[in-house]
Amino acid sequence: MNNEELWQATLAELEVLVSKANFITWFQNTSITAQQNGMVVLNVPNAFAKEWLECKYHKFILKALRSLSPEVRNVEYIISSQTQPLLQKNKFTQVMIPHEEQLEFKEFLIDRETNLNPRYTFDSFVVGPFNELAHAAALAVSKNPGVAYNPLFIYGGVGLGKTHLLEAVGNEIKKINSKLKVRYISSERFTNELISSIQNNETSFFKEKYRSYDCLILDDVQFIAGKIKTQEEFFHIFNALYESGKQVVFSSDKPPHAIPELEERLRSRFAGGVITDIGQPEYESRLAILKSKAEGKENYVNMEILEFIALNIQKNIRELEGALNAVIAKVKMTGKIPSSGEVKEILMKIMQPRRIVTANQIIKSVAEFYDLDEKILYEKTRKKEVVKPRQVAMYLLREDFNGSYPYIGRSFGGRDHTTAIHAYEKISKELKNSVQFMEEIRRIRELYNYKT
Ligand code: ADP
Ligand code: MG
């Protein structure tokens, strides 16, 4: 049998052994490129497929091949440059120029005229149930600015893709018709520009400028709440644009009716078009986003790591990206793919608080979480239900408060510093072995991170 015939026959055998979804996912775009001395060389499209086939399906593949061609002794998987030219290119540039440098450079390619970041496009935007309505509205607006939905108001929590989607609208409008004048601006910068135009007696110039756009995109509009002068100017600019059929797009962290100190007339203007939200991405969407972000970085991460991150980082997409980048940075440093325990550690660091906390807040949160009286944590009791929370508190004091071991020991009823070290090590170890425990710690941290 030639390569093609052998592989087609093998695939037919394999197809009945694995689920349809898996078959399509992992065996698409595979082929035999060579057979020599019992060695079959299999072309696979990317590093994910390579790893998956090697780890999960190797036995099946080998068995199926042998049943058709008994002289086959082993299989080698190579990533095909034909189906995946990008991967080869990345391999090369990775040696020549560190990947981040390239990325960072691109980040600075903000268009001077539109103030848009070319990175934020519809192409790079993953759509899932959590954002599909916002995406559909944004797409409709790009195809038909000033007509479809005006204004378009997109709201949602931090790091969920509002800016990305808003800028995608701007980039798409420019792509379809480069003559249209588009301007993206954060509300904060808009406000600052306005203030300085007032100081320099240039308000008419300011207004003229903003009224000249075919599409004005104002990000984080909640920022202008409470700023009377800004709201007033903005109201007039908005009306002028709206009345001449120009598109206006807003984002905000809340829906208009929930933004405090927003002028009533602005509120009703916002509500005059279409209001749509972006929610929390569910697991499948998080994984899809990670996969898309990991494209071209297959040398650094595998499917298992992506699944692990998607499972554990749930808050927002920025954090997902942060986690992925942290893992990649680690791989670059150590030169090897981290074990799941090591990934856990990296994620723990990411999920650490950004706010400065006091020792007291930490201890209070631990007590609250385990439903204990705070006082009992300081007592000498060795009751099981107290020992563990106390150790958790010690661990968190070390990790998030940077307490010295003697200090931590002393804080809990004059214990020795070795007790604190022991607690810290015990909890660290346990965290490496249990995703559930990790989740527990994350929730405790949430208590003191988000409480003021
Ligand atoms: P927000 O403005 O809501 O705080 P951003 O638009 O800045 O959030 O998104 C945070 C990061 O997550 C950005 O790097 C963005 O590219 C990425 N991101 C958000 N949503 C998506 C998505 N649906 N697909 C791909 N990347 C996304
Ligand atoms: Mg934003």
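Is Lys50 buried, partly exposed or exposed, and at what relative accessibility? In this predicted model, Lys50 counts as partly exposed, with a relative accessibility of 24%; this value lies between the limits of 20% for buried and 50% for exposed residues. The side chain of Lys50 meets that of Glu54 in a salt bridge, with an N to O distance of 3.3 Å. Both residues belong to helix α3, where a spacing of 4 residues places them about one turn of the helix apart. Glu54 likewise counts as partly exposed, at a relative accessibility of 35%.

Helix α3, which spans residues 47-68, also contains Phe60. The relative accessible area of Phe60 is 37%, and the residue is therefore partly exposed. Together with Val16 and Leu17, Phe60 forms a nonpolar patch on the surface. The accessible area of these three residues together is about 310 Å².

The pair in helix α3 is one of 18 salt bridges found in a search of the whole structure. Side chains of opposite charge can pair when their charged atoms come close. A further example is formed by Lys143 and Glu172, whose closest N and O atoms are 3.1 Å apart. Lys143 lies in helix α6 (residues 132-143) and Glu172 in helix α7, so this salt bridge ties together parts that are 29 residues apart in sequence. Glu172 counts as buried, because its relative accessibility of 11% falls under the 20% limit. The pair is part of a network of salt bridges that links Lys143, Glu172 and Lys175.

A salt bridge is also present between the side chains of Glu440 and Lys388, at an N to O distance of 3.2 Å. This pair links distant parts of the chain, 52 residues apart: Glu440 is located in helix α21 (residues 435-449) and Lys388 in helix α18 (residues 384-401). Lys388 counts as partly exposed, with a relative accessibility of 27%.

Burial was also examined for helix α13, which comprises residues 303-312. Of its 10 residues, 7 are buried, so the helix is largely enclosed by the rest of the structure. The buried positions are Met303, Ile305, Leu306, Phe308, Ile309, Ala310 and Asn312.

The surroundings of ligand 1 consist of 18 residues, of which Val126, Gly159, His164, Arg318 and Glu321 are the closest. By class, this shell holds 6 nonpolar, 7 polar and 5 charged residues. Two helices, α7 (162-176) and α14 (317-334), each supply at least two residues of the shell. Helix α7 thus contributes to the shell around ligand 1 and also carries Glu172, the partner of Lys143.

Polar atoms of both the backbone and the side chains approach the ligand. A polar backbone atom of Val126 is 2.7 Å from a nitrogen atom of ligand 1. A polar backbone atom of Leu160 is found 3.2 Å from an oxygen atom of the ligand. For Glu321, a polar side-chain atom lies 2.7 Å from an oxygen atom of ligand 1. On its own, ligand 1 has 560 Å² of accessible area, and the protein covers 95% of this area.

Note on methods
Residues numbered from 1 in each chain as written. Chains lettered and ligands numbered in written order. Predicted model: local features only at pLDDT ≥ 70, side-chain atom pairs only at ≥ 80, totals over all residues. Heavy atoms only, no water. Patch = residues over 30% accessible without salt bridge, like charges linked within 9 Å, V, L, I, M, F, W, Y side chains within 5 Å. Areas by Shrake-Rupley, 256 points an atom, 1.4 Å probe, with all protein chains shown as cover. Salt bridge = Lys/Arg side-chain N within 4 Å of Asp/Glu carboxyl O. Buried < 20%, exposed > 50% of the residue type's maximum accessible area, 1.4 Å probe, protein only. Near = heavy atom within 4 Å. Polar contact = N/O pair within 3.5 Å; in protein donor to acceptor, adjacent residues only side chain to side chain. Nonpolar A, V, L, I, M, F, W, Y, C, P; charged D, E, K, R; others polar.
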